[in-house]
Amino acid sequence: MISQEQNDALTRTGPGTIMGGLFRRYWIPALHDWELAEPDCPPVRVKLLGERLVAFRDSKGRIGLIDEFCAHRGVSLWFGRNEECGLRCPYHGWKYDITGQCVDLPSEGPDGPMRKRMKLKAYPCIEAGGLIWTYMGPPELKPEPPALEWVKVPPERRFVSKRLQDSNYLQALEGGIDSSHVTFLHSGALKSDPLFIGSKGNEYNEGDKMPQFDVVDFEGGLLIGARRIAENDAYYWRITPWIMPWYTIIPPRAGHPLGAHAWVPIDDENCWAWSINYHPRRALTDAELTAMRNGAGIHVKYVPGTFIPLANKTNDYLIDRAAQKASVHYSGVEGIGMQDASLQESMGPIQDRTRENLCPTDLGIVRTRRKLLQAAEANRLGQRIPALAPAEQHVRSCSIVLPREQHFKEHARHGLFAPLDTDPLTV
Ligand code: FES
Ligand SMILES: [Fe+2]
């Protein structure tokens, strides 16, 4: 349980908020690169951290992310004409380049004084790992490009999807670091999902419903270890890194690709659940890619033409009570992604954390909240914050069976901080 004040500090991310200030120090996943497929293609609405923006790729292929609304009389530039290196408002023809500068103001004639004064807010963008990223913080503090492992692997080793989630980002992030729910909520999926089946770890998962948690700091965030009983004298450890501010990596099962997420606030009541599968060492197979595209594993099926999951709040997530009773799906909802999202959305847009009752398996959640609040305060004071340097983002998840006297913090380092292009440490 936390105070209302702490809950507000953790969950509000708009301009001027303490968490919004922290999040604006990092590169933010904004779009799939294919959403702006070619020069002068249609612009796309983008809302991040409560700010309404519009993204476009100009005639030279450069990406602009600018205020959604025209400086003249507030028309949405989503209706704009993307032409000749700028986005032109269709109302009276004012035109903006990727820096937000007004480059044409027809009613004033060429090069009038008003045109020069008109400049919309604009954020720099880069492309990496199949995504378009933006930086919404102070220009002088812009960090180096993101260096998460899934961003750095060659494209054929990675699959990325995103889905819209109707909840504050923190509910989603807290699900990502809470590996105790897997034994319950995802128990059906462990037996049937093509991206999860066939791991010895699944048996340990099922066999021990009381995992012991231990959480260790590292330069980029936290390593959340969950320990379950394995054979005599051994424990099965699953170690989930949380890389600040919102990246989590699921510990692997057998030879399956790793699963990673980014939980990115759209506004305080909605977030993007970016879901990434990647294998550090090999290309994803056709069978894996087919499963991912069909919504298996951490991915979902969509309402056609949208990023809205097909199973959603308006259809009660297609819950199947017979499947629930038969434990085909523990909650009756199909698919790991929607099993999580349905329950996280059910908490309401912003969970009232003054009424929760945490238990020992929530240790990772407690530590994550504390670290977020500490980092936000450090940022406010102008002090150093974690995970800005590329080296601090170099970590991956692992699963490992260790003798009982060995702790993951010393004995799983070779799996967590492995060099690029090496096989994951997995059970
Ligand atoms: S409202 Fe955009 S040009 Fe007039
Ligand atoms: Fe989950």
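Hi everyone, this is a short walk through a metal site, some aromatic rings and a sheet in a predicted model.

Let's start with the iron ion, ligand 2. Which residues hold it? It is coordinated by His181 and His186, each through NE2, and by two OD atoms of Asp340, at 2.1 to 2.3 Å. The angles between the 4 donor atoms run from 59 to 146°, so the arrangement counts as irregular. Along the chain, the donors follow the spacing H-x4-H-x153-D. His186 sits in the loop between helix 6 and helix 7, while Asp340 belongs to helix 11, so this pair ties together parts that are 154 residues apart in sequence. And are those two buried or exposed? Both His186 and Asp340 are buried.

Now to the rings. The whole structure has 13 aromatic pairs. One of them joins Trp272 and Phe307 edge-to-face, with 5.9 Å between centres and 90° between planes. Trp272 is in strand 18 and Phe307 in the loop between helix 9 and helix 10, 35 residues apart. Trp272 and Phe307 are both buried. Phe307 also pairs edge-to-face with Tyr302, at 6.1 Å and 90°. Tyr302, though, is partly exposed, at 26% relative accessible area. Elsewhere, ring pairs join Phe23, Tyr169, Trp246 and Tyr247 into a cluster.

Rings meet charges here, too: the charged end of Arg45 lies over the ring of Trp78, 3.9 Å from its centre.

Last, the sheet. Four strands form an open, antiparallel sheet in the order 2-3-4-9. Strands 2 and 9 are at the edges with a single partner each, so one side of each has no neighbour in the sheet. Strand 2 pairs with strand 3 over 5 bridges, and Val46 has Leu53 as its bridge partner. Thanks for listening!

Methods. Residues numbered from 1 in each chain as written. Chains lettered and ligands numbered in written order. Predicted model: local features only at pLDDT ≥ 70, side-chain atom pairs only at ≥ 80, totals over all residues. Heavy atoms only, no water. Pairing = 2+ DSSP bridges. Helix = DSSP H or I, 4+ residues; strand = E, 2+ residues; numbered from the N terminus. Donors = N, O, S within 2.8 Å, 3.2 Å for Na, K, Ca; no water. Tetrahedral: all angles 85-135°; square planar, octahedral: opposite > 155°, others 65-115°. Buried < 20%, exposed > 50% of the residue type's maximum accessible area, 1.4 Å probe, protein only. Phe/Tyr/Trp six-rings, centres within 6.5 Å; stacked < 30°, edge-to-face > 60°. Lys NZ or Arg CZ within 6 Å of the ring centre and 35° of its normal.
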